[in-house]
Amino acid sequence: MLLKTNYADRYCLDNGLNILVRERPSLPIVTTMLWYKIGGCHIAGKTGIAHFLEHLMFKGTKKLKKGEIDRITQRLGGTNNAFTSADSTCYYFNFPANHWSMALQIEADRMVNCRWTKKEFDSEKSVIMEEIAASLDSPLEVISQEAETMCYQRHPYRYPILGWKDDLAKITLPEIREFYRKYYSPNNAVLVVVGDVKKQQVFEQAQKFFGKIDAGDNISEINIEEPEPLGQKRLSYCGQVTVPRFCFVFPTCPAHHFDDCVLDLIDILLSAGRSSRFYRELMQERSVMQNIVTFNNTRKYQGLFWIQGELTQGIEPTSAEELINYLIRKLHTVNLGKYELQKAKNIYLS
Amino acid sequence: MEKLSQIPKIIQGITVEDIKKVASRYLNWDRSTIAWSLPKKAKNYSKTKLEKKSIASLRGMKIPQKAKPFGPHYLDGKALTFSLNEKLPIHHYTLENGLTILVLKNPKLPMIAMELYCRRIFDEPGKEGTGLLTGRLLQEGSKKYSEHRISHLVDFLGADYSTHSYGICARFLKKDWKEIVELMVDTIESPLFNTEVLAREKKKIENQILTQRDNPYFLGKTTFQSIIYKKHPYGAPVQGTLSSLKKITRKDIVEYFNNRFVANNSILAIAGDVEPEEIFREIKKYFGNWQAKKLVTTKYPLLRRAKNSITRHIPLDKKQMVVYWGHLGVKRNNPDYYKLRVLDQILGEGAGFTDRLSKKIRDELGLCYSIDASTTVHAGREPGLCVVSFSTTPENYKKAIDHLVKEINHLKKYPATEEELDNAKKFLTNGLYFALEENENLAGLMIRIHLHKLGFDYIKKAVDEINNTTLQDIRSAARRYLQPEVATTIVVGPVEQL
């Protein structure tokens, strides 16, 4: 079925693979993204497995020997990479327009044909252990991960995407293979193609490469209701650092909720640009912060609104926290002017 | 998807009441999680309580009458099209005052990117940080624009506008040309350099310096550069030191500005939905009165590669050690520049894990999360750096360094493979289109072309030079430019565990 929207054309193969195409012929380049609807939050007791698989997806398949995916990308002048979020895992390629369909060929192949040896599995586990060590060296990453775990009491969003170190140590190659076989299938994926392409070509090529792959089991919805927080939760982490850093986190709504769009505007009002409230009040006028950012972290089941920052030397943490709280409470009670609202909308839409 | 296409409409429909309701519903301190990372040793915090009232008002800001709400523009404008074998269609003018103007028409979207670049001068020794402060203060007010007016104007238009020690960068919608160009002209004609703002900005930089003392990447990189460049200004910290900042006065800022922001020292590059002749007339109108003057010239110490290897360990309470390894690199006009770019692809810059260091040290042995190596970092009028960087845990450090040196020596001793050479060439040439993707990139590219006298047929020449590189060239370049025996190694982290 072809469905026309203002943003992209959509198509669905018989095996359930959804395809979105946006024609943008302004330069002869094309980006393809394959999103799997499985991420860091899906497997209890095996935290980090989705991210581990993301790393292994570059190792090779029955047809493509180890390193071949990168070599093809390099030869064609492209780039590739992948990332894992709580809800999904995404693989992408940027290619010159005359080679874009190679991305589909690779993605279709590695959706079902990946092969891994024990040696490759072990060395990649070691790489991820290094990645975890690097994240533990960043004070903001440490408190952000801890805060996220504290925010969700029951929902698996509380699991770190890289995994708990001891969970990761226990993951075996057969478990990875099982996870891959079970969840990497066309009905659990969305293919996005943007650039100097014709939509008809994309649909034809997608049919050619993905059409013969069988649908698998659907990923089950997570039916865990996160209880309302009864009160505030607090964490202090002391280390060899020179300034206090903080993150304040607020549970929000699911994706697609109207409130999520309003939170995007609040995010802009507070910290986008030099005329934003936090920048003016905290960095410019009072110089009590070196940095402060907010972001509305949209998630499928329940999002989080973040405030993160670094204090100026000598500023007392409690006092800074009270000031931020005051500025937030002002949003509850004081009408903002039309000018400020329109400015935020302009920034959003530009 | 259907919902996605509704977003602009939803956003335009959000009201003041919606903001209040949603903020009250979710941004509630009593339901929040508060996390702090604090210094181990309690600091002497200021006892002054922060006054809880708004002190930064909107100062009478109103919606500009002619401004209309706007949405995303996906027009079918004719894109910049050219083949890699052609000259870039750059229009080049010089005003009587010596200002160089470069214009590239790219009407794919109704947007413009503009970059004013003023050729480099360095901070006076002992007053490091002057350039950085000057750049910051340029955004903090001029005769017609207060700092608040600048922020509000730029944000309201949804534009990007930033000032730097080297000039000014802007990205905006075509309809806002007049607002942005008038702001830029007033900034360079009559900046305020207010002393109170200078003190505030100094304080901010001092804080950054103190904060970076726990950042292993910053410590590693700056130590590496200071050892390689010794007394050359490239080795001096751009942000200055706590003592150099104290010495900088308003007079120093004014002097730096007057020496650098001079018409005949500057290049103005404009890329986007513009008509070159029309834009030239506009620039002449706005920048024609900008004065030319005799430029300051300074001689700098001649840079030479070290004669011995140096290792420096910097202890820091971390899990991993950050490593910077390398030596002095080459100038941008080095005749072997493109051979080195191909070499970089084979050694440590290849896509994914195609290069030798990533393949061996990261992918095969699992000793680090990523490793990067390049012989051409910062290659400019003065030599850049040949540098390898990675981070690893103490138990993997020695193995990683041994393999790094082994791979480099192997490349010096034995030729690369035909496949490696071919893949590297194809990556570099096919990937050139990505450099032309955004108007900001095009403006920056025009400035580099002019600055380093690369010629408007730069892309064609680069493609030819890359394609003409041979296996013998790679081995010769590796032998000549990679010198592990005189490498400087900086290690920051739990070095006591080594």
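This passage walks through the confidence, nonpolar cores, a strand, a helix and the aromatic pairs of a predicted model.

Confidence comes first. The mean pLDDT of chain A is 92, with 98% of its residues at 70 or more. Residues 1-5 of chain A are a stretch to read with care, as pLDDT stays under 50 there. For this stretch the model has 13 contacts beyond four places in sequence.

The interior can be entered through its largest nonpolar core, which holds 68 residues. Within this core, Phe390(B) and Leu404(B) touch the most other members. The element that gives the most to the core is helix H11 of chain B, residues 337-349, with seven residues. Beyond its neighbours within four places in sequence, Phe390(B) is in contact with Met321(B), Val322(B) and Val323(B), with Cys368(B), Ser370(B) and Ile371(B), and with Ala400(B), Ile401(B) and Leu404(B). Apart from this core lies another, of 56 residues, including Ala50(A), Met57(A), Phe210(A) and Ile213(A).

Strand S9 of chain A, residues 245-251, is a good place to see how the two chains meet. All seven of its seven residues are buried. In a regular strand the side chains alternate between the two faces of the sheet. In S9(A), Arg245(A), Cys247(A), Val249(A) and Pro251(A) point one way, while Phe246(A), Phe248(A) and Phe250(A) point the other way. Residues on both sides are buried. S9(A) pairs with strand S1 of chain B, residues 33-39, in the antiparallel sense over five bridges, and here Val249(A) stands opposite Thr33(B). S9(A) is also joined by seven bridges to strand S11 of chain A, residues 304-311, again running antiparallel. In that pairing Cys247(A) stands opposite Gln308(A).

Helix H15 of chain B, residues 439-451, allows a simple check of geometry. At 1.5 Å a residue its 13 residues should span 18 Å, and the end C-alpha atoms are 18 Å apart, so expectation and model agree. The buried residues of H15(B) are Asn439(B), Leu442(B), Ala443(B), Gly444(B), Leu445(B), Met446(B), Ile447(B) and Ile449(B). Their cover includes strands S2 (90-94), S3 (100-105), S4 (111-118) and S7 (266-272) of chain B, together with helix H16 (458-467) of chain B. After H15(B) comes Lys453(B), whose phi is positive, near 50°.

Turning to the aromatic rings, a search of the whole structure finds 32 aromatic pairs over all chains. One of them is the stacked pair of Tyr11(A) and Phe203(A), at 4.7 Å centre to centre and with 25° between the planes. This pair links distant parts of the chain, 192 residues apart: Tyr11(A) belongs to strand S2 (residues 9-12) of chain A and Phe203(A) to helix H8 (residues 199-210) of chain A. Tyr11(A) counts as partly exposed because its relative accessibility is 25%, whereas Phe203(A), at 4%, counts as buried. A second example, Phe58(A) with Tyr91(A), is tilted, at 6.3 Å centre to centre and 45° between the planes. Phe58(A) lies in the loop between helix H1 (49-56) and helix H2 (68-75) of chain A, and Tyr91(A) in strand S6 (residues 89-96) of chain A, 33 residues apart. Phe58(A) is buried, with a relative accessible area of 12%, and Tyr91(A) is buried too, at 0% relative accessibility. Phe58(A) and Tyr91(A) also belong to one aromatic cluster with Tyr36(A), Trp116(A), Tyr180(A) and Tyr184(A).

How values were computed. Residues numbered from 1 in each chain as written. Chains lettered and ligands numbered in written order. Predicted model: local features only at pLDDT ≥ 70, side-chain atom pairs only at ≥ 80, totals over all residues. Heavy atoms only, no water. Core = buried A, V, L, I, M, F, W, Y, C linked by side-chain atoms within 4.5 Å. Buried < 20%, exposed > 50% of the residue type's maximum accessible area, 1.4 Å probe, protein only. Helix = DSSP H or I, 4+ residues; strand = E, 2+ residues; numbered from the N terminus. Contact = heavy atoms within 4.5 Å. pLDDT = per-residue confidence, 0-100. Expected span 1.5 Å × (residues − 1). Pairing = 2+ DSSP bridges. Phe/Tyr/Trp six-rings, centres within 6.5 Å; stacked < 30°, edge-to-face > 60°.
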